[in-house]
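Trainee: I would like to go through some of the labels used for this structure. Please set each value against its definition.

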Amino acid sequence: MYDVVVVGSGVNGMVAASLLRERGLEVLLLEAGPTLGGGVRTKELTLPGYRHDVCSAVHPFGRSSPVLQSMDLSAHGLSWIDPEVPLAHPMIGAPAVILHRDTEQTALAIGPKGGDRYRCLMDRLCSLWPKVQDQLLGPPLRLPSVDRWLPLAQFGAVALTSASMLSRWLGPRGGALWSGLCGHSLLPMSAPASSAVAAVLGSQAHRVGWPFPRGGAEAISKALEAKLRSQGVEIQVNRHVGSLADLPKHKAVIFDLSARPLLELLGPALSSTRRRALGKFRLGPGVFKIDYALSGPVPWSDPDVKKAGTVHLGATTEEIAESENLVWQGKLGPRPFLLGVQPSLFDNTRAPEDRHTFWVYAHVPNGWTGDAVPLIENQIERFAPGFRDLVLGKHVLGTNDFAAYNTNYVGGDILGGANTLWQVLKRPFLSPDPYYLGDGYFCCSASVPPGGGIHGMGGFHAAASALKRFFA
């Protein structure tokens, strides 16, 4: 008899297992694959010696998440690398917009039209973050304390604004930078609250940077696994849970599964209300990703782009908006917005000497089965002429490949569900405790608040709910 069985070893699942074991409970962690990690794994996908992050690559919340901060993962081998600047946004026929840790430097890079507005906006968001993070990283229907109402209203005034509106206010260069940040939401730029992800990720870029782990994303998983083993959590890999009958005896189960596979697994064990909510849960767009082994660094037209760990390729606000809108219409535009990472410029463990890796993906309609390689490479070449000449090898992951790699990524949706305003409020159903499914079952995946990202907060809240309901 186990007190708690955790199914799935993403960061949320491992965090939940650690916190419950810390309270003296007998915990079993089950993982269907041969290694732990979920979307936080690193593999030689192209050629020997070239180490690529399979899914997530850059982790501001790995450093700033309250629960991950409390776990002291540096004691288990995790160390962070900070690129010279967090983000570059190349332009056509003009210098790239560089997001520096310092908002004043960023304002200068943006220029007089929009720079001062961007600085004022980000300074305000950064100052508000410590007062709002507990609410934003937890269930949205939880009533905040009175002293948090005004900061939440001020932060929310930005977050609830559409990306297109704020981008126009920030001018051509500031708006392009903001639109690229908003692109992480996978929402149309005109959608309500499409600025929310930009408000969060942008403030993190200025407060803690956009670091990545030395050695690849799997360093986070390895550090968490080492902590779990030191605590005495029982871990079993290659243990697929196809039905509830596959679970050993337990008092509670926490599933690190997104809404669709969770519904398929639990089925009749859920109340009719919960089944309906999970059945109506809206999937987000998919992603199409390419990992490259290169003979040299990406040959950016603007050499300052080499200072950045992360690169957004979309030029103007209008171009990014068109790309993201088409995805929601079930199409892929001729110039897709791209998110790229160039870790080997800063971490020599990622590639052989004088060689490099490049990680890039485009948003595509959920379940899209076309070939985006030519469009992605044409887009890279616009900002880095001669890029194709450096390619030694490439590895492609389409929407079906992502779904096969991780059952949580239904149709290539890596965020556990669409980030529409309504779904954020009811993720996955309206409740002050959206982690509890009933009958001793809990969910801690990206389909529950606060959603996607390597922060572990879904695991934190699911563990807290289980402790309160069954082990108080």
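Mentor: Start with Ser-203, which is placed in helix α9 (residues 196-207). Helices are DSSP runs of H or I with at least four residues, strands are runs of E with at least two, and both are numbered from the N terminus. This is a predicted model, in which local features need pLDDT of at least 70 and side-chain atom pairs count only at pLDDT 80 or more, while totals for chains, interfaces and linings use all residues. Residues are numbered from 1 along each chain as its sequence is written, and side-chain values use heavy atoms, with hydrogens and water left out.

Trainee: Why is Ser-203 called buried?

Mentor: Buried means under 20% relative accessible area, exposed means over 50%, and partly exposed is in between (1.4 Å probe, protein chains only). Ser-203 has a relative accessible area of 0%, so it is buried.

Trainee: What makes the link from the side chain of Ser-203 to the backbone oxygen of Val-200 a polar contact?

Mentor: A polar contact is a pair of N or O atoms within 3.5 Å; within protein, one must be able to donate a hydrogen and the other to accept it, and residues adjacent in sequence count only if both atoms are side-chain atoms. The side chain of Ser-203 reaches that oxygen at 2.8 Å.

Trainee: Which residues does Ser-203 contact, leaving aside its neighbours within four places in sequence?

Mentor: Contact means heavy atoms within 4.5 Å. With those neighbours set aside, the list for Ser-203 includes Met-122, Leu-125, Cys-126 and Trp-129.

Trainee: How do you know that Cys-443 and Cys-444 do not form a disulfide?

Mentor: A disulfide is a pair of cysteine sulfur atoms within 2.5 Å. The sulfur of Cys-443 is 6.2 Å from its closest cysteine sulfur, in Cys-444, so the two are too far apart for a bond. The structure holds zero disulfides. Cys-443 is buried at 1% relative accessible area, and Cys-444 is buried at 0%.

Trainee: What is notable about the phi of Asn-238 and of Asp-354?

Mentor: Most residues other than glycine have a negative phi, and most peptide bonds are trans. Asn-238 has a positive phi, near 55°, and Asp-354 has a positive phi of about 65°. Asn-238 is in the loop between β9 (234-236) and β10 (250-255), and Asp-354 is in the loop between β13 (338-341) and β14 (356-364).

Trainee: Are Asn-238 and Asp-354 buried or exposed?

Mentor: Asn-238 has a relative accessible area of 53%, so it is exposed. Asp-354 has 58%, so it is exposed.

Trainee: Which peptide bond ends at Pro-428, and is it cis or trans?

Mentor: The bond from Arg-427 to Pro-428 is cis, with omega near 0°. Pro-428 is in the loop between α16 (421-425) and β16 (436-438). Another cis bond joins Pro-449 and Pro-450, with omega about 5°. Pro-450 sits in the loop between β17 (441-443) and α17 (457-470).

Trainee: Is Gln-105 buried, exposed or partly exposed?

Mentor: Gln-105 lies in helix α4 (residues 103-110). Its relative accessible area is 42%, so Gln-105 is partly exposed. Gln-105 and Arg-119 are 14 residues apart in sequence and 9.0 Å apart in space, C-alpha to C-alpha.
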